[in-house]
Amino acid sequence: MDAQTLIARRIARELRTGMLVNLGIGIPTLVANYVPANIDVFFQSENGLIGTGPIPEAGMAHPTLTDAGGRPVTALPGACTFDSAISFGLIRGGHVDMTVLGGLQVDQRGLLANWMIPGKMVPGMGGAMDLATGAKRVVVAMQHVAKGKSKIVKQCSLPLTSVRPVDLVVTELAVIAFSEGRATLSERAPGISIEEISEATEAELIIPQRVPEMIL
Amino acid sequence: MKPIPVAEAVAMIPDGAVLLVGGFMGVGTPERIVDEIVRQGKHELTVIANDTAKPGTGIAKLISAKLVRTAIVSHIGLNPETQQQMHAGVLTVELVPQGTLIERIRAGGFGLGGVLTPTGVGTVVEEGKRKIDVDGQDFLLETPLKGDFALVHAFLADYIGNLSYALTARNFNPLVAMAAATVIAGAEHIVPVGLIAPDHVVTPAPLVDYLVANE
């Protein structure tokens with residue numbers, strides 16, 4: 001299983017029936033492919049849709065039915081549409097139960113940086129700051145290490161997305177939970193040792209006596 | 001309200017105007033009005049919108065034609081030309097979190113002095129803004145945004161100017177229609193009065209100043 005699939009599958013196990021869920025661009029989008037069979041959730045696209053379905057079959061796309069990246073999607077039975085003020089009222093107002101966001105860095109308190117690299121990448125924050133600040137639960141989907149450097153750091157060197165800490169980070173190596181300003185290693189990826197995770201992690205991790213393997 | 005030719009509608013927009021434009025990555029942007037602005041070459045525009053779309057669609061056409069001096073948007077990541085012009089110093093880009101941007105436009109249209117939002121507290125977004133404590137929580141005071149013209153794309157318009165929207169093409173449109181001195185709307189279909197049921201009208205007719213004819 002490749003890293004992205006593993007991360008997406010593990011995060012899909014956080015879904016519970018009835019949740020309103022917003023998926024960011026990149027690995028987070030893949031989570032929709034692995035919703036467990038017995039679970040029904042509502043996916044929100046922040047451009048104004050609840051009930052976002054899969055990518056349409058060839059020839060079945062509609063120019064006014066799109067996701068937040070402007071790509072064609074489908075709407076499931078029971079879907080609804082609304083304007084951007086309502087969409088962000090849902091997000092900021094705490095009505096979105098869970099958001100899954102990509103990450104550039106997460107620090108040991110759970111603070112997320114995911115929207116710009118000064119001088120290099122300035123795409124704009126889009127809805128990320130509102131999602132990271134307002135969703136009830138924030139889950140980050142990202143690779144543990146990029147270009148030989150840990151993305152789980154003591155302190156973010158990149159501009160923060162929010163000062164509200166994230167709840168969970170899932171990487172191809174580990175699940176790390178954040179509470180009260182501390183990071184705890186809560187699961188290992190299949191076949192990955194605690195030593196391998198510690199080596200790939202710059203942040204200080206609390207390592208419990210027993211760290212189970214992820215169930216995928 | 002007699003629909004007017006798109007050339008006549010756009011001729012009212014002066015160089016240097018502040019435009020509020022509906023649309024999200026080009027979906028729900030009035031393409032014909034945008035094309036006509038490019039054709040007439042309106043310069044030094046300020047564009048307030050969700051994003052600058054992708055090259056070849058919506059607001060990106062204004063960027064490509066170098067007609068925009070300032071863009072107040074939440075996202076430019078899918079438009080390399082916006083980033084090039086920004087780095088070259090010919091285009092000023094003010095990035096605003098999307099939920100804050102739509103609320104600033106809403107405040108402008110709803111007669112409010114601003115909004116208080118937790119989004120951006122403790123980040124670069126808070127620079128230069130007033131931080132206000134409400135019951136122990138910090139909020140940023142975000143000021144209203146208004147425009148000279150709103151460019152709106154509807155699905156249905158009737159002949160007095162009531163508008164309804166389709167699916168994800170609604171996005172910023174109903175909000176920008178509240179926040180500009182003059183509202184120019186285009187619609188995929190212009191229908192007789194009464195055909196849009198009162199419950200389905202999203203933008204009330206008195207807000208719309210000009211309806212662009214479908215030629």
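This briefing walks through two chains, A and B, and the contact they make. The model is predicted, so keep that in mind as you look around. A good place to begin is helix 3 of chain A, which covers residues 84-92 and gives the most to the side of chain A that touches chain B.

**Helix 3 of chain A**

- The buried residues in helix 3 of chain A are Ser84(A), Ser87(A), Phe88(A), Leu90(A), Ile91(A) and Arg92(A).
- Within chain A, the buried residues of this helix pack against strand 1 (20-23), strand 2 (42-45) and helix 4 (128-134).
- Their partners also include parts of chain B, namely helix 5 (98-110), strand 5 (115-117) and helix 6 (173-176).
- After helix 3 of chain A comes Gly94(A), and its phi is positive, near 80°.

**Where the two chains meet**

- Chain A brings 32 residues to the contact, and chain B brings 38 residues.
- On the side of chain A that touches chain B, helix 3 and helix 4 of chain A each supply at least two residues.
- Helix 3 of chain A gives the most to that side, with 5 residues.
- Sorted by kind, the residues on the side of chain A that touches chain B are 13 nonpolar, 15 polar and 4 charged.

**A small sheet in chain A**

- Strands in a sheet pair through backbone hydrogen bonds, in either a parallel or an antiparallel way.
- In chain A, 3 strands make an open sheet in the order 7-6-11, with mixed pairing.
- Strand 7 (112-113) and strand 11 (152-153) of chain A are the edge strands, so each pairs on one side only.
- Strand 6 of chain A, residues 105-107, pairs with strand 11 of chain A in the parallel sense, over 2 bridges.
- To find this pairing in the structure, look for Val106(A), which stands opposite Ile152(A) in strand 11 of chain A.

**Chain B as a whole**

- Chain B has 6 helices and 11 strands.
- Its C-alpha trace spans about 55 × 40 × 30 Å along the principal axes of chain B.
- Because a compact globule of 215 residues would have a radius of gyration near 17 Å, the 17 Å of chain B agrees with that expectation.
- Of the 215 residues in chain B, 53% count as buried.
- Among contacts in chain B with a separation of 6 or more, 71% come from residues 24 or more positions apart.

Definitions and conventions: Residues are numbered from 1 along each chain as its sequence is written. Chains are lettered from A and ligands numbered from 1 in the order in which they are written. This is a predicted model: local features need pLDDT of at least 70, side-chain atom pairs count only at pLDDT 80 or more; totals for chains, interfaces and linings use all residues. A residue is buried if 20 or more other C-beta atoms lie within 10 Å of its own, exposed if 12 or fewer, and partly exposed in between; C-beta atoms are placed from the backbone. Helices (H or I, at least four residues) and strands (E, at least two) are DSSP runs, numbered from the N terminus. Two residues are in contact if their C-beta atoms, placed from the backbone, lie within 7 Å. The radius of gyration is taken over C-alpha atoms; the globule rule is 2.2 Å times the number of residues to the power 0.38. Ala, Val, Leu, Ile, Met, Phe, Trp, Tyr, Cys and Pro count as nonpolar, Asp, Glu, Lys and Arg as charged, and the others, Gly among them, as polar.
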